[in-house]
Amino acid sequence: IDCVVTHLPSADYDKIKTRTSSCKHFVFPLQKSGANGFISLFVQFIDNSCLVSGLEEYKRYGANSPPYFVITLFEELLESKDMCLVRADITNPLNINKQEMQFVVERLFQLYSSDSEFENFALTFNKKPQQFDW
């Protein structure tokens, strides 16, 4: 299984955790490696996990759509080391590769930790969807 492992400073983790509790969903465009075109990913945060599926699959199967990859946040080192460990695992290698997953993971954390990006994109998408525009 292909995976990506990283960490978040506890301050970023706290901000992301708070924001994902109220803005649980996002649609993320991803340019496919070596191909012309994009796919749309549906992002859903649930507790300390994030499921990332294809938007078309999510439209078709809803909560039963198979994720392309899963991000898991591990809180065990927050107090002792001031960081949260992160692991992202590909669950559907036919639809996404490791480099694409790593790009999405990095961008999602940036999106939810940056005040301006969060307000312009994730907050608008979840709270004012009629105003959302890429």
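Start by selecting Y112, which you will find in helix 4. Remember as you click that this is a predicted model. Is Y112 buried or exposed? Its relative accessible area is 1%, and buried means under 20%, so Y112 counts as buried.

Now show what surrounds this residue. Setting aside neighbours within four places in sequence, Y112 is in contact with K15, I16, R19, T20, C23, H25, F26, F45, F118, A122 and N126. Pick out I16 from that list: 96 residues separate Y112 and I16 in sequence, yet their C-alpha atoms are 5.4 Å apart in space.

**Stop 2: helix 1 against helix 4**

Color helix 1 (10-22) and helix 4 (98-113) in two shades. Their axes are 8 Å apart, and the helices pack at an angle of about 85 degrees. That angle makes helix 1 roughly perpendicular to helix 4.

Which residues meet here? From helix 1, select K15, I16, R19 and T20; from helix 4, select F109, Y112 and S113. A general point helps when you look along a helix like these. An α-helix has 3.6 residues a turn, so residues three or four places apart point the same way.

**Stop 3: helix 4 against helix 5**

Keep helix 4 on screen and add helix 5 (residues 115-127). This pair packs at an angle of about 95 degrees, with the axes 6 Å apart. So helix 4 is roughly perpendicular to helix 5.

To see the meeting place, select R107, Q110, L111, Y112 and S113 in helix 4. They meet D115, E117, F118, F121, A122 and N126 in helix 5. You have seen Y112 before: this residue also meets helix 1.

**Stop 4: along helix 5**

Hide the rest and look at helix 5 from end to end. How many Å does helix 5 span between its end C-alpha atoms? The span is only 15 Å, whereas a straight helix of 13 residues would span 18 Å at 1.5 Å a residue.

Next, highlight E117, F118, A122 and T124, which are buried in helix 5. Bring the neighbours back, and you will see what the buried residues of this helix pack against: helix 1, strand 2 (25-31) and helix 4.

**Stop 5: the sheet**

Switch to a cartoon view and find the sheet. It is open, made of 6 strands in the order 1-6-5-4-3-2, with antiparallel pairing. Its edge strands are strand 1 (3-9) and strand 2, each of which pairs on one side only. Going from one strand to the next, the twist averages 20 degrees. As for what joins them, strands of a sheet pair through backbone hydrogen bonds, either parallel or antiparallel.

Walk across the sheet from strand 2:

- Strand 2 and strand 3 (residues 38-46) are antiparallel partners over 7 bridges. Select V27 and, opposite it in strand 3, F42.
- Strand 3 and strand 4 pair over 6 bridges, also in the antiparallel sense. Select L41 and its bridge partner in strand 4, G54.
- Strand 4 and strand 5 run antiparallel and are joined by 4 bridges. Select V52, then F69, which stands opposite in strand 5.

Now turn helix 4 back on. Which strands does helix 4 lie across? The list is strand 1, strand 2, strand 3, strand 4 (49-54), strand 5 (69-74) and strand 6 (83-90), and the helix runs at about 135 degrees to strand 2.

**Stop 6: two loops with a positive phi**

Go to the loop between strand 3 and strand 4 and select D47. This residue has a positive phi of about 55 degrees although it is not a glycine. The hairpin around it has 2 residues between the strands. Is D47 buried or exposed? Its relative accessible area is 64%, which makes D47 exposed.

For another example, move to the loop between helix 3 (78-81) and strand 6, where D82 lies. D82 is not a glycine either, and its phi is positive, at about 60 degrees.

**Last stop: D89**

Finish in strand 6 by selecting D89. With a relative accessible area of 18%, D89 is buried. Show side chains and look for R87: its side chain makes a polar contact with the side chain of D89, at 2.8 Å. Another general point is useful here: in a regular strand the side chains alternate between the two faces of the sheet.

Methods
Residues are numbered from 1 along each chain as its sequence is written. This is a predicted model: local features need pLDDT of at least 70, side-chain atom pairs count only at pLDDT 80 or more; totals for chains, interfaces and linings use all residues. Side-chain values use heavy atoms; hydrogens and water are left out. The expected span of a helix is 1.5 Å times one less than its number of residues. Buried means under 20% relative accessible area, exposed over 50%, partly exposed in between (1.4 Å probe, protein chains only). Contact means heavy atoms within 4.5 Å. Two strands pair if DSSP finds at least two bridges between them. Axes are lines fitted to C-alpha atoms, for helices over the stretch in contact, and angles run from 0 to 180 degrees between N-to-C directions. A polar contact is a pair of N or O atoms within 3.5 Å; within protein, one must be able to donate a hydrogen and the other to accept it, and residues adjacent in sequence count only if both atoms are side-chain atoms. Angles under 35 degrees count as roughly parallel, over 145 as roughly antiparallel, 65 to 115 as roughly perpendicular and the rest as oblique.
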